[in-house]
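Visitor: I should like to be guided through this structure, one question at a time. Where shall we begin?

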Amino acid sequence: MSQPETSAWAVYRRLLGRAKKYSFFLGAAGVGMVFEAGAASAFTWLMEPMINGTFVERDPEVRWSLPLIIIGLFVLRGLATFCTDYGMARAGRSVVRDLRGEVLEKYLRLPSSRFDTEPVPSMVSRLNYDTEQVTQASSDAIKVILTDSLTIVGLLGVMFWYSPRVTLVMLVVAPLIAAISGVVGRRYRQINRGIQDGVANMAQSAEQALSAQQEVKVYGAQASELARYTTLINRNLGLSIKVESTRAAASSVVQVLAATALAVILLVAGSEAAKGRMDAGSFVAMLTAMMAMLPSLKRITNVQSLVQRGVAAADRLFAILDEPDEPDRGTMPLLHARGEIEFRDVSVRYPGQDAPALAGISFTAKPGTVTAIVGRSGSGKSTLIRMLPRFYEPSAGAVLVDGVPVDQYRLADLRRQIAIVGQRVMLFDDTITANIAYGQPDGIDPARVRAAAEAANAAEFIDRLPGGMEARIGENGGLLSGGQRQRLAIARAILKDAPILILDEATAALDTESERLVQDALNRLIPEHTTLVIAHRLSTVEHADQVLVLDAGRLVEQGTHAELLARGGLYAHLHRMQFRETEAG
Ligand code: ADP
């Protein structure tokens, strides 16, 4: 931060480094820029022969050749402009395309805890908006900086060519005007900002008074509301007048200044003409060059904010790209686990949280058994389950699969052992087949996908969809009911054939028929897996091999449904509260 200049430059260099791949297009654009600036200069240079040859000397050759040259010049310029714009757009947009891809890839490699610190909409805005700003810095700004400085240099060359003396006078006078109008402009913008703040206050005050009109009337506060509003509108009036007078005065001052400058130039040019060093044609050429320079000068002085915004955006994106990936230091391959899960004194504390989310949890889940996890909301059930695919790291203790701490496995291998059927089923706008085969290698046997759909009780509704397995399910599966989505998730888990199954039962009640189909599908899925389930249904808990009861991050009771009921502790209490309705139904 101490050297913002250099660090901004470092960011820009890094950005340019990414454009290197597209140097062919950048080169083409560069050639285009040279020709563009050259054509602009040549055109002003032609003013002299145009005036002198065509009108003063009435040279018949010039009368014919010049129009043709002008057409040729602008054809050339058109081609050059196209070359520049195409080349810069191609390079700039490609850099953005690359950045978008890399940033999304990076986001998906960041640890889960990173998602707690930045909301998803902000991430999406990084992808859309920041990358867009980066194009402007990387392509539009370069285009302005190069084309316009070349144009200015070319035009200055033309001016010097015709009269170095007059040019020098112009170079002294012009910056003076620029400086003065710059000061005036700043003052104008300052007052204008004041007005905008004032307008916001006015609106707020009016809105307050109007939306609380009943209170205002009951308390008889009309006069005080009006007084408050009046202060604001008076201030607005004052400021508006100030803005108008500054603007009017400024424009007059600038015009007088410009006229004075022109007068000085005319004086010098007149004396040059008297000495025979200048004629009508070269004077017009010089004036044209001066006028032609103005837009370029204006763009160049404004380009800095474009660059700043782009650099700031690029800085944010690079910061994301530089963040550390989720740790994956395990080296042990894991093809197909037996599925034994052990928690050894696991504690978890989320960053910035005082109380641990889990404290000293120990239990073992044997292959092929069902472990139901129950507890009040916030007791740590989801946290416990998140430890298994290493979404979060324990602050103490270890989670083991087949007797080996999970961080010793390769992360992708570990996660391949786990299928998750959650409350929120992620579906995307594609066919049923593609949704079930999500994450599977392309070219998977359709018969296997179909078998998974049947085992998940999903075939029943799929066959009723137009197109069957190939039916598209609309954005985020909007066409499907909750139960149907869950059965697709179950089919996905069946196809994945992972030894460990994590279930987060839906709390929202499914209708009985749906519930029966889902339960039936799960019953088919569960026996071959080590299942951890956040249980909300009585039947799940009753049939579980063990029930873990969590309270405020601690494992307070552990046993079978019957044992825990008999103990008459927290589980018995929760059971009465939570499952009464289900039992009745
Ligand atoms: P449950 O699934 O039983 O409702 P959780 O595991 O979601 O409980 O939450 C346990 C505790 O950890 C709660 O106090 C919750 O506020 C906190 N917690 C959960 N997720 C996060 C997170 N991503 N960041 C910080 N605190 C969290």
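Guide: Let us begin with helix α7 and its surroundings; please bear in mind that this is a predicted model. The buried residues of α7 are covered by elements that include α6 (120-162), α8 (213-218), α9 (222-274) and α10 (280-322).

Visitor: Which residues of α7 are buried?

Guide: A residue counts as buried when its relative accessible area is under 20%. In α7 the residues that meet this condition are V166, T167, M170, V173, I177, G185, I191, I195, M202, S205, A206 and A209.

Visitor: How far apart are the end C-alpha atoms of α7, and what span should its 48 residues have?

Guide: Helix α7 covers residues 164-211, and at 1.5 Å a residue its 48 residues should span 70 Å. The span agrees with the model, because the end C-alpha atoms are 69 Å apart.

Visitor: What is the strand order of the open sheet?

Guide: The sheet has 4 strands, and their pairing is antiparallel. Strands of a sheet pair through backbone hydrogen bonds. Here the order is β2-β1-β4-β5.

Visitor: Which strands stand at the edges of the sheet?

Guide: An edge strand has a single partner strand, so one side of it is left without a neighbour in the sheet. This applies to β2 (358-365) and β5 (404-405).

Visitor: Which residue of β5 is the bridge partner of V401?

Guide: Strand β4 (residues 396-401) pairs with β5 in the antiparallel sense over 2 bridges. The bridge partner of V401 in β5 is V404.

Visitor: How many aromatic pairs are there, and how is the pair of F82 and Y86 classed?

Guide: Rings count as a pair if their centres lie within 6.5 Å, and the count comes to 10 aromatic pairs. The ring centres of F82 and Y86 are 5.9 Å apart with their planes at 15°, so this pair is classed as stacked.

Visitor: Is F82 buried or exposed?

Guide: F82 and Y86 are 4 residues apart in helix α4 (residues 60-109), and therefore about one helical turn separates them. Y86 counts as partly exposed because its relative accessibility is 40%. F82 has a relative accessible area of 58%, so F82 is exposed.

Visitor: What is the angle between the planes of F343 and F363?

Guide: F343 lies in strand β1 (residues 341-348) and F363 in strand β2, 20 residues apart, and the pair links distant parts of the chain. Both residues are buried. Their rings are stacked at 4.8 Å centre to centre, and the angle between the planes is 20°.

Technical notes. Residues are numbered from 1 along each chain as its sequence is written. This is a predicted model: local features need pLDDT of at least 70, side-chain atom pairs count only at pLDDT 80 or more; totals for chains, interfaces and linings use all residues. Side-chain values use heavy atoms; hydrogens and water are left out. Two strands pair if DSSP finds at least two bridges between them. The expected span of a helix is 1.5 Å times one less than its number of residues. Buried means under 20% relative accessible area, exposed over 50%, partly exposed in between (1.4 Å probe, protein chains only). Contact means heavy atoms within 4.5 Å. Rings of Phe, Tyr and Trp (its six-membered ring) pair if their centres lie within 6.5 Å; planes under 30 degrees apart count as stacked, over 60 as edge-to-face and the rest as tilted.
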